[in-house]
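Please examine the sequence and the model shown below. The explanation that follows begins with a single residue and then turns to its wider surroundings.

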Amino acid sequence: MRKQLSKLFLALAILPIISQPVFAHVIWVVRGDARGEYEILYGHPEEDKPEPYDSIKFQEATAYNSYGFPQPLEVRREFEGVTLVSPGNVAVITAVNNNGYFIVKDNEYTNVFRPDALAANNENTEISHTYKYTKSFFQPTGLITQPFGMKMEIVPLQDPFDVGAGGSLRVQVLFEGKPVPEATVEYEGKEFPTSDRGIATITLTQQDVQIIEAEYRVPSTDDPATDEISHAASLAIQK
């Protein structure tokens, strides 16, 4: 009964963005050491200590030039991460990781495969299936204020390349193309509430890579191995 009530409250919640002091991990993309290389990083950006991750979690990535045309993109799955390589003029890369199933107990998350999650899912155990999304920009483009049609994304409402340290950047959180009402986003470890249209105003600091995060959880309706689906998105600007 407790689990059913939890699902009901989750389904009716108006504030689905998690407002804990520590947000979920996110992914973001940065330029690599070699020309044309890009690294998909994972962790808490504000800690500036990316964590290794199993490259099997990588799902897909697409590179675009400043005109919105897809660019060639080679995916190199490594032991603890993913490197992307493109000879093209890359303005933005989108990427998705399927982070798998987590057993949640006493605020601790244990990553397991689906059969283990299915076996463990009962009245006394909470399971979360998590996905990570990023849009990472490397140069100005007219596309920057447009939605990319990702499952979840953060859309700048002005060109962040024109906003310096101390300036304000307005962003909108979208899930399945629709605004997330009264969401909360995170930047540099601080949370920023949004309007009923999912819009937040963030004061930027002096950073080489600006990274804004948001998280959204929905009840699972068709997967008996999990109670909820957790979506975590990032918007990264590398100037």
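In this predicted model, Ser220 has a relative accessible area of 13%, and it therefore counts as buried, since the limit for that term is under 20%. Ser220 is found in the loop between β16 and β17. Its side chain takes part in two contacts with backbone oxygens: a polar atom of the Ser220 side chain lies 3.1 Å from the backbone oxygen of Asp223, and the side chain of Ser220 also reaches the backbone oxygen of Thr226, at 3.5 Å. Leaving aside residues up to four places away in sequence, Ser220 touches Thr226, Asp227, Glu228 and Ile229.

From this loop the reader may step back into strand β16, where Arg217 has its place. Arg217 has a relative accessibility of 13% and so counts as buried. Which side chains make polar contacts with the side chain of Arg217? One is that of Glu215, at 3.0 Å. Another is that of Glu228, at 3.1 Å. Glu228 has already appeared among the residues that Ser220 touches.

Strand β16 (209-219) also leads to the largest nonpolar core, to which it supplies at least two residues. This core has 32 residues, of which Met152, Val171, Val185, Ile202 and Ile212 touch the most other members. Other strands that each supply at least two residues include β7 (92-105), β9 (126-137), β11 (168-175) and β17 (228-238). Ile212 shows how such a residue is surrounded: not counting residues up to four places away in sequence, Ile212 touches Ile154, Leu169, Val171, Val185, Glu186, Tyr187, Ile202, Ala233, Ser234 and Leu235. Apart from this core lies another, of 14 residues, and among them are Val29, Ile40, Tyr42 and Val90.

The last stop is Val85, in strand β6, which comprises residues 81-85. Is Val85 buried or exposed? Val85 is buried, because its relative accessible area is 15% and the limit is under 20%. Its surroundings include residues from elsewhere in the sequence: apart from residues up to four places away, Val85 touches Gly36, Glu37, Pro72, Leu73, Glu74 and Arg76. A separation between C-alpha atoms adds to this picture. Val85 and Tyr38 are 47 residues apart along the chain, yet their C-alpha atoms are separated by 6.2 Å.

Conventions
Residues are numbered from 1 along each chain as its sequence is written. This is a predicted model: local features need pLDDT of at least 70, side-chain atom pairs count only at pLDDT 80 or more; totals for chains, interfaces and linings use all residues. Side-chain values use heavy atoms; hydrogens and water are left out. A nonpolar core is a set of buried Ala, Val, Leu, Ile, Met, Phe, Trp, Tyr and Cys residues joined through side-chain atoms within 4.5 Å. Buried means under 20% relative accessible area, exposed over 50%, partly exposed in between (1.4 Å probe, protein chains only). Helices (H or I, at least four residues) and strands (E, at least two) are DSSP runs, numbered from the N terminus. Contact means heavy atoms within 4.5 Å. A polar contact is a pair of N or O atoms within 3.5 Å; within protein, one must be able to donate a hydrogen and the other to accept it, and residues adjacent in sequence count only if both atoms are side-chain atoms.
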